[in-house]
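Dear colleague,

I am handing over the structure below, and the notes that follow it set out what was found there. Please read them with the coordinates open beside you.

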Amino acid sequence: MSASKIDSTALKYLSSYSDQVKSKVKLMLEQDTLGKFLLTKYPQTHEITNDKKLREFVMDLKNNYLKKSSPISKIIYDPKIHVVNNALGLHTFVSRVQGNKLKSKNEIRISEMFRRCPEVFLQMITVHELCHVRFKDHDKAFYKLCEHMLPDYHQFEFEMRLYLTQVEFRGEIYN
């Protein structure tokens, strides 16, 4: 989609933000300055490029903040998760009956597109999915835990949404 024909309603990653914010982002897209803004603020990508490193990264966060929570059986980059479907990562909770016991497993899957992004974006998505281990819904307690684990959580989420908007309208900036 051409950035010169952007209507504010096309900014799907920013749909819950004010018209004023959407207008500023639209102007940055039209002037092709959004990518430069993001690159200035976040010039480097992280080094967590495989599933093993991702597991270590997620488990470090979990062990620092959620020591007593349920174990996580699988942590991977998932090529099947598409941001188009409004999913950046998935937390799945699978219950199985084994004999007379109910066994549950937590899994965290992060969209493949986040293999190459600033570390704070990966951390924000990871924190979000880890908080789902404790809270299933996006309620006040959920976001309070997100902010406890990552103090600027909401700012990073907004900037990650800017990044997704940049990728959709102007293309990838971290090659």
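Tyr 143 is partly exposed, its relative accessible area being 25%, whereas Phe 142 has a relative accessible area of 0% and is therefore buried, the limit for that class being under 20%. Please bear in mind throughout that this is a predicted model.

These two residues also form an aromatic pair: the ring centres of Phe 142 and Tyr 143 lie 5.0 Å apart and the ring planes stand at 90°, which is over the 60 degrees required, so the pair counts as edge-to-face. A search of the whole structure gives six aromatic pairs, and a single aromatic cluster is formed by Tyr 42, Phe 121, Tyr 163 and Tyr 174.

Tyr 163 appears again in the packing of two helices, since it is one of the residues of α6 that take part in the contact with α2. Helix α2 covers residues 34-41 and helix α6 covers residues 153-169, and their axes, which come within 10 Å of each other, cross at roughly 135°. Because that angle falls in none of the parallel, antiparallel or perpendicular ranges, the two helices are oblique to each other, and the crossing in which α2 passes α6 is left-handed.

On the α2 side the contact involves Leu 34, Gly 35, Phe 37, Leu 38 and Lys 41, which meet Gln 155, Glu 159, Leu 162, Tyr 163 and Gln 166 on the α6 side. By residue class, this contact of α2 with α6 is made up of five nonpolar, three polar and two charged residues.

With best regards

Conventions: Residues are numbered from 1 along each chain as its sequence is written. This is a predicted model: local features need pLDDT of at least 70, side-chain atom pairs count only at pLDDT 80 or more; totals for chains, interfaces and linings use all residues. Side-chain values use heavy atoms; hydrogens and water are left out. Axes are lines fitted to C-alpha atoms, for helices over the stretch in contact, and angles run from 0 to 180 degrees between N-to-C directions. Helices (H or I, at least four residues) and strands (E, at least two) are DSSP runs, numbered from the N terminus. Angles under 35 degrees count as roughly parallel, over 145 as roughly antiparallel, 65 to 115 as roughly perpendicular and the rest as oblique. A crossing is left-handed if the near helix is turned anticlockwise from the far one by less than a right angle, and right-handed if clockwise. Contact means heavy atoms within 4.5 Å. Ala, Val, Leu, Ile, Met, Phe, Trp, Tyr, Cys and Pro count as nonpolar, Asp, Glu, Lys and Arg as charged, and the others, Gly among them, as polar. Rings of Phe, Tyr and Trp (its six-membered ring) pair if their centres lie within 6.5 Å; planes under 30 degrees apart count as stacked, over 60 as edge-to-face and the rest as tilted. Buried means under 20% relative accessible area, exposed over 50%, partly exposed in between (1.4 Å probe, protein chains only).
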